[in-house]
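Here's a quick tour for anyone meeting this structure for the first time. Have a look at the model, then read on.

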Amino acid sequence: MSIITVSASKHSNLLRLLTSHTFLRRLSTEPPEPQPPPQQKTSNHNSIITEALQLLQTPGNEWNTTQLNQLLFPDSPPSSSSPRLFYQITRRLPSSSQALKFLNYLQNNSPSSPDTQSLLSYTFQAIFELAFCEPESNANLSRLYKTSKELNIPLTVNAASFLLRAYGRSELVEESFILFNDLDPSVKTTYLRNVWLSILLRSGRVKDALKVIDEMFESNEDSNCRPNDATGDVLFSFLLKRERNGEILSEDEIVNLVLKFGDHGVLISSFWMGRLITRLCRNRKTNRAWDLFTEMIKLGAVLESATCNSLLTGLAREGNFNRMNELMAKMVEMDIQPNVVTFGILINHMCNKTGDLKFAQKVMRKMIKAGVVPTVATYGALINAYCLNGNVNEAMEIFKDMKAASKVPPNTVIYNILIDSLCKNNKVKSAVSLMEDMKIRGVTPNTTTYNAIFKGLRDEKDLEKVFEFMDRMIEHACNPDYITMEILTEWLSAVGEIERLKKFVAGCEVSGSSAQKASART
DNA sequence: GTCGCCCTTC
């Protein structure tokens, strides 16, 4: 971690920003009143649907076509018979095979008009949708596609998308290519291409997917297949998935894609923007994150508090106080509210290693006054700040306050900070009593906790206690890491307790494997 | 409709 050297005047500058009228006012803003839902419209559309469905309840070969015709085609030419009506009726039929019979009836009975083909296409879409939800649907959908071609009924956008998705979930990527190329250009809308895109990405055809996007970008400004927000979401949600870390495209390549979208007037969602900036900052590419951030603002992007928090953390880690200040000013300017996390970052990074703990407390007080409720991590940041400044007594006071008054109970991390700091300040007895406190309060120690206490006990040469905690570690199936092993191996072998060490290792293997079995069972 | 929920403490 870097040491931040900041002048006091810059501190007060920041504090002023943080607690500026705008900031505080934003913090206490109430959410807007919910709007009443728009009044529902009723029409005789619905009664036609209900009546038609009643007539269609009898077996297919017994349908009263005269009555149906009167209901569905009351006038000729059928000016009002929108394809939507036929879609809605078909969609409510019990199965795709029933729906196919209805289609057959429509083909034979609908008076010919310019609307006929559209009517049949919409009916066919409903058939696809029904089939999509039925068992064995994938084979069925392929058959239906063939039927539609034989009957010369063009697919609607939605019908094509159901078919594409069916191919996608059956991993029939080659078939999806054939279908896509076979479709009429008018059907290949942005929406359909987005569906196609997600299928390509999921099946690992990243290059093909990027080609589709390029085509979309190269299409005319007024075409129906320009990339939209969803295009960006489909692509970037794929590239920035939690478990992915640059193995598909490098971060720089992803940034370039984001900028390309931006140049074409598509701003990716603030959520994915945030994810990308977070990732850049975590991978020590804070400059790149900063450039992207400022570029997106220039393009008019709306960014979230969480994104700014990531960037603040990255800048703080580098000790770039000027840019932190600049970012805070931008937040005020752009109405991005600082939240409890923002305050946590400031407490943690702004008062470390300079020792300006008054600043930390000031931030905390202002924050509470502004109605922002501190979380366990906020207290963690404050306690950590005190500990890092060698003021463990004051840190313990905050900890006691936390237990006594606050509704925020201390967690493992809080105990870890204190136990580590107490041990480093030769207050191992107090650290041990915190271990007991954890036990009483039901806070589970983890490997970090044991490592901290082991180091303290080693300095005190307290073999009796270390054996006790080693047993407890095994008992609670807490796995040692390389730090644990390093401390114990060095110390115990030096004092001739190899057997005790071996017993510990064997115990860990047993408890480790039983823990694995337990988690496998759940 | 298609995508899916980033940020602070050991």
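How many helices and strands does chain A have? Chain A has 28 helices and 0 strands. Keep in mind as you look around that this is a predicted model.

## The protein chain

Chain A runs to 522 residues, and 47% of them are buried. On the outside, chain A exposes about 27,100 Å². Carbon and sulfur atoms supply 50% of that exposed area.

## Around the DNA

Now for the DNA: 37 residues surround DNA strand B. The closest are N158, R282, E304, N309 and N416. Sorted by class, the surface near the strand has 16 polar, 13 nonpolar and 8 charged residues.

Which helices supply at least two residues each to that surface? They are α9 (157-169), α11 (190-202), α13 (229-239), α15 (270-282), α17 (305-318), α19 (340-351), α21 (376-388) and α23 (412-424). The biggest giver is α15, with 6 residues.

## Up close with the strand

What part of the DNA faces the protein? Of the atoms of DNA strand B within 4 Å of the protein, 54% belong to sugar or phosphate, and the rest to bases.

A few side chains are worth zooming in on. N309, one of the closest residues to the strand, has a side-chain N or O atom 2.2 Å from a base oxygen of DNA strand B. N194 also points a polar side-chain atom at a base oxygen of the strand, at 3.3 Å. For N384, the partner is a sugar or linking oxygen of DNA strand B, 3.2 Å from an N or O atom in the N384 side chain.

Notes:
Residues numbered from 1 in each chain as written. Chains lettered and ligands numbered in written order. Predicted model: local features only at pLDDT ≥ 70, side-chain atom pairs only at ≥ 80, totals over all residues. Heavy atoms only, no water. Near = heavy atom within 4 Å. Polar contact = N/O pair within 3.5 Å; in protein donor to acceptor, adjacent residues only side chain to side chain. Helix = DSSP H or I, 4+ residues; strand = E, 2+ residues; numbered from the N terminus. Nonpolar A, V, L, I, M, F, W, Y, C, P; charged D, E, K, R; others polar. Buried < 20%, exposed > 50% of the residue type's maximum accessible area, 1.4 Å probe, protein only. Areas by Shrake-Rupley, 256 points an atom, 1.4 Å probe, with all protein chains shown as cover.
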